[in-house]
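The exercises below are meant to be worked through with the sequence and the model open side by side. Try each task before reading its solution.

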Amino acid sequence: SIHVRPDGSRFATAGQDHLIKLWAMRPVVDRAAEADEAEPRLLATLDGHHGAVNCVRWSADGLLLASGSDDHLVMLWRQAAAGEAGASAPFGSRAPPSAERWRCVLTLTGHAGDVVDLAWAPAGHRLASVSLDNTVRVWEAAGAAAGGGAQLGGAQQQVAVLQGHHGMAKGVGWDPVGRYIASQGDDRAVLVWESREWSLAGRIEEPFLRTSQKTLFRRLSWSPDGQFVCAPHAYKKPAHIAVVLRRPTGTDTSQWRQECDFVGHKAPVVVGAFSPRIFTRGPPAAAEAAAGDGGGAAAYSVCALGGQDCVVSVWVTCQPKALVVVRDLFKEDVLDLSWAADGSTLLCCSMDGSVAAIQIEPHEVGTPLPPAEQAARLSQLYGAAAAAGAADLPLSADLLALEAAAAQPPPPAPRRAAAGPA
């Protein structure tokens, strides 16, 4: 697994060696830093799990790092404060001391199977986890962010247990507005959960009914404006596809419509990852203008896919074909993808143990909306509370009207997108 910290300063990786490693981002994106041998690269090695670490995810504020493992545990890590002891090196390790001190501040127990995916709420410190025990669990981790010694947490941190999958749950994503959690499992379904009462808001099966092969993960992703969910591991003869589902509007929250398909991979798609930025064509002034008038059809999102065919593809929702198709990057399955905060740097990891970085030139992907304008766009779509990622947005007539109005312009993506042979 791989994930970039929201501030872009470092990224975390994890794997079958039971370890989590924190790396500096600068040598990855800066050629001068890459050539400088004095530039730190490996910042810390975190040892605490007793099984393969399947997922690592940073909280929205970057204070906490969550990890999920085959040992059925979710562990929360925080950089050690002055005077606090950090994690010790693995017994017998000859590795040099870590440049940074990190410590496990909370261990969450409750899952009865391997924990395979994690997702933080867009604001605050709530965390969703999915497991091969078929459940989605939601945890409150605010206490871990506040500090204190290592704790063992279970029922007291558990906010909800969401039971609806009829097979192993293998992917989870939290709506950037905080209203929904989406999960995907081996039962060939995407489930959407409402985060106020933890009720099932939708079950989408049709695009996934013809999938047959098993995958380690089914990592789905929300678009940065919250309007779409990209769900991997779908199949439409004769191609493996990722499906884009559109957020419903009005009072009927069960109608999650299939908006378009990303077509081109020759084996099951394992992971989808939307860039965190909203883009528009043209100079920064045009980006601000697009945000100021609601964006219209000028604004779009970028999504990356990785699959069992060892291919990484990058899509722009306003174009019918893939922007980038990279075929010779890995020798085995692509397992995870993570975008940096700039929205154009993509980190990828594979079952072959390697990590790769893809940097897309600004003229190819477009101009990202400034963060303040992107927040304003969310406010226009969902109300003022959405800019902060509030999970308790009221189900008011005004909010429903805003969502309905946002859906009126025709979507920029075509009904069926195709990458051609991948």
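**Exercise 1.** In which sense do strand β15 and β16 pair, and over how many bridges?

*Solution.* Keep in mind throughout that the model is a predicted one. Begin with residues 180-185, which make up strand β15, and follow their pairing with β16, which is antiparallel and runs over six bridges. Next, pick out one pair within this ladder: I181 has W193 of β16 as its bridge partner. Then widen the view to the open sheet that holds both strands, where four strands follow the order β14-β15-β16-β17 with antiparallel pairing. At the edges stand β14 and β17 (199-204), and because each has a single partner strand, one side of each is left without a neighbour in the sheet. Finally, the turn between neighbouring strands of this sheet is 20° on average, direction ignored.

**Exercise 2.** Which residues have the most contacts inside the largest nonpolar core, and which elements each supply at least two residues of this core?

*Solution.* The largest nonpolar core has 27 residues, and those with the most contacts inside it are V138, L162, V172, W174, I181 and W198. Turning to the elements, at least two residues each come from β1 (2-4), β9 (115-120), β10 (126-131), β11 (135-140), β13 (158-163), β14 (169-174), β16 (189-194) and β29 (345-350). As a worked case, take I181 and set aside residues up to four places away in sequence: what remains in touch with I181 is A128, V138, V172, G173, W174, L191, V192, W193 and W198. Another core, of 19 residues, lies apart from the largest one, and its members include Y300, V312, F330 and L337. As a general background, nonpolar side chains tend to be buried together in soluble globular proteins.

**Exercise 3.** What is the strand order of the open sheet that contains β22, and which strands are its edges?

*Solution.* The order is β22-β25-β26-β27, four strands in all, with antiparallel pairing. The edges are β22 (269-274) and β27 (324-326), each of which pairs on one side only. Neighbouring strands here are turned by 15° against each other on average, direction ignored. Looking at one pair of strands, β22 meets strand β25 (residues 302-307) in the antiparallel sense over five bridges. Within that pairing, A273 stands opposite A304, while F274 has C303 as its bridge partner.

**Exercise 4.** Is V316 buried or exposed, and which residues is V316 in contact with, leaving aside neighbours within four places in sequence?

*Solution.* First place the residue: V316 belongs to strand β26 (residues 312-316). With a relative accessible area of 0%, V316 is buried, the cut-off for that term being under 20%. Leaving aside neighbours within four places in sequence, its contacts are Y300, S301, V302 and L323. For a distance across the sequence, compare V316 with A304: they are 12 residues apart in sequence, and their C-alpha atoms are 9.0 Å apart.

**Exercise 5.** What is the volume of the largest pocket, and which residues lie nearest its centre?

*Solution.* The volume is about 1300 Å³. Of the 47 residues that line the largest pocket, H3, W174, P176, F274 and P276 lie nearest its centre. Among the elements that give two or more residues to this lining are β1, β14, β22 and α6 (371-382). One of these, β22, is mostly covered, with six of its six residues buried.

Terms used
Residues numbered from 1 in each chain as written. Predicted model: local features only at pLDDT ≥ 70, side-chain atom pairs only at ≥ 80, totals over all residues. Heavy atoms only, no water. Core = buried A, V, L, I, M, F, W, Y, C linked by side-chain atoms within 4.5 Å. Buried < 20%, exposed > 50% of the residue type's maximum accessible area, 1.4 Å probe, protein only. Contact = heavy atoms within 4.5 Å. Pairing = 2+ DSSP bridges. Axes fitted to C-alpha atoms, helices over the stretch in contact; angles between N-to-C directions. 1 Å grid on protein atoms, 1.4 Å probe; cavity = no way out; pocket = protein on both sides within 12 Å on 5 of 7 lines; lining within 4 Å. Points joined across faces, edges and corners; volume = space filled by probe spheres on them.
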